[in-house]
Amino acid sequence: MGFLGVEIMLVMFAVIMAIGFLTTYIVAVKYDHVTPYLPYISDTGRNPPESCIFTTICSISSFFLFLIVYVRFKHIRHFYYDNVARIKCWNSVALVVGVLSAFGLLLAGSFQAGAVPVVHFTGAMTIFFGGVLYAWLQSIVSYQIYHVNLTRHGGSVAIFFKFLLSVLATLVVVTAVVSGAIARNIPNPHVGVTGAGHTLHLLSTWAEWLAAGTLTLFFLTLHTDFTRIQVNIFVQLRVNEGTPTLLSL
């Protein structure tokens with residue numbers, strides 16, 4: 001069966017992430033589990049019932065992220081391995097990083113910060129830092145393909161936005177981690193409590209939300225690439241252990 005419009009995976013991933021995290025935020029605020037002043041994403045999924053939504057959203061999103069990473073890997077492998085130097089290495093590393101990022105998202109959603117913090121924050125760091133690295137790797141791959149004139153689909157504008165979003169993602173992820181670490185070592189860092197860490201705490205939470213949004217937008221830049229490919233699934237039926245009969249679904 002040929003799936004025309006495989007790029008719909010990118011749109012579904014972005015929509016699920018946006019609506020899902022917004023929903024958990026609204027529910028958490030409604031039940032007074034978090035402050036409305038944009039808490040950490042992890043805090044919006046700490047307590048039930050929003051934790052149930054948080055786990056579901058992260059699980060579904062991780063599945064779509066894995067599919068996106070794998071399809072992109074096969075896309076580059078099938079069309080460009082024989083024409084672009086060193087792209088095989090970049091593509092293989094991107095696959096590993098992308099799969100680890102998807103697994104990190106699954107871990108972060110399955111193990112809430114209040115229940116198993118070590119596993120949760122390990123998953124969170126994996127998805128954020130892995131996502132940044134994946135963005136840079138895909139930006140480099142896209143530039144190499146474009147540079148050797150293998151395709152002008154999407155043009156230099158798409159590559160510009162890939163690099164721009166990679167830079168922005170790097171800055172906001174580092175900002176979130178560093179400011180959050182400093183704020184935790186200062187008395188009264190939380191929103192709504194006056195203290196030296198108040199600004200740093202806000203900076204960290206805002207940066208985390210921006211990081212999630214920036215990385216999600218990055219995957220949407222692959223839309224023009226995905227519009228050029230079609231994914232097929234085939235099943236081989238063995239008849240009396242003889243020659244397999246190829247069936248197209």
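Which helix does Gly109 lie in? Gly109 sits in α3, in what is a predicted model. Here's a quick tour of that glycine, of Gln112 in the loop that follows α3, and of the nonpolar cores, starting with one of 38 residues.

**Gly109**
- Gly109 is buried, and its relative accessible area comes out at 0%.
- Setting aside anything within four places in sequence, Gly109 is in contact with Phe54, Thr55 and Cys58.
- Ile53 is 56 residues away from Gly109 in sequence, yet their C-alpha atoms are 9.3 Å apart in space.

**Gln112**
- You'll find Gln112 in the loop between α3 (87-110) and α4 (117-147).
- Gln112 counts as buried because its relative accessibility is 14%, and the cut-off for buried is under 20%.
- Once residues up to four places away in sequence are left out, Gln112 touches Gly45, Arg46, Ser51, Thr55, Pro117 and His120.

**Nonpolar cores**
- The largest nonpolar core has 38 residues, and the members touching the most others are Phe21, Ile68, Phe219 and Phe226.
- Two or more residues of this core come from each of α1 (8-30), α2 (50-80), α3, α4, α5 (155-184) and α6 (198-220).
- The top contributor to this core is α2, which gives eight residues.
- Take Ile68: beyond its neighbours within four places in sequence, Ile68 is in contact with Met9, Leu10, Phe13, Phe219, Leu222 and Phe226.
- Apart from the largest core there's another one, of five residues, including Ile76, Ile87, Val141 and Ile145.

Definitions and conventions. Residues are numbered from 1 along each chain as its sequence is written. This is a predicted model: local features need pLDDT of at least 70, side-chain atom pairs count only at pLDDT 80 or more; totals for chains, interfaces and linings use all residues. Side-chain values use heavy atoms; hydrogens and water are left out. Helices (H or I, at least four residues) and strands (E, at least two) are DSSP runs, numbered from the N terminus. Buried means under 20% relative accessible area, exposed over 50%, partly exposed in between (1.4 Å probe, protein chains only). Contact means heavy atoms within 4.5 Å. A nonpolar core is a set of buried Ala, Val, Leu, Ile, Met, Phe, Trp, Tyr and Cys residues joined through side-chain atoms within 4.5 Å.
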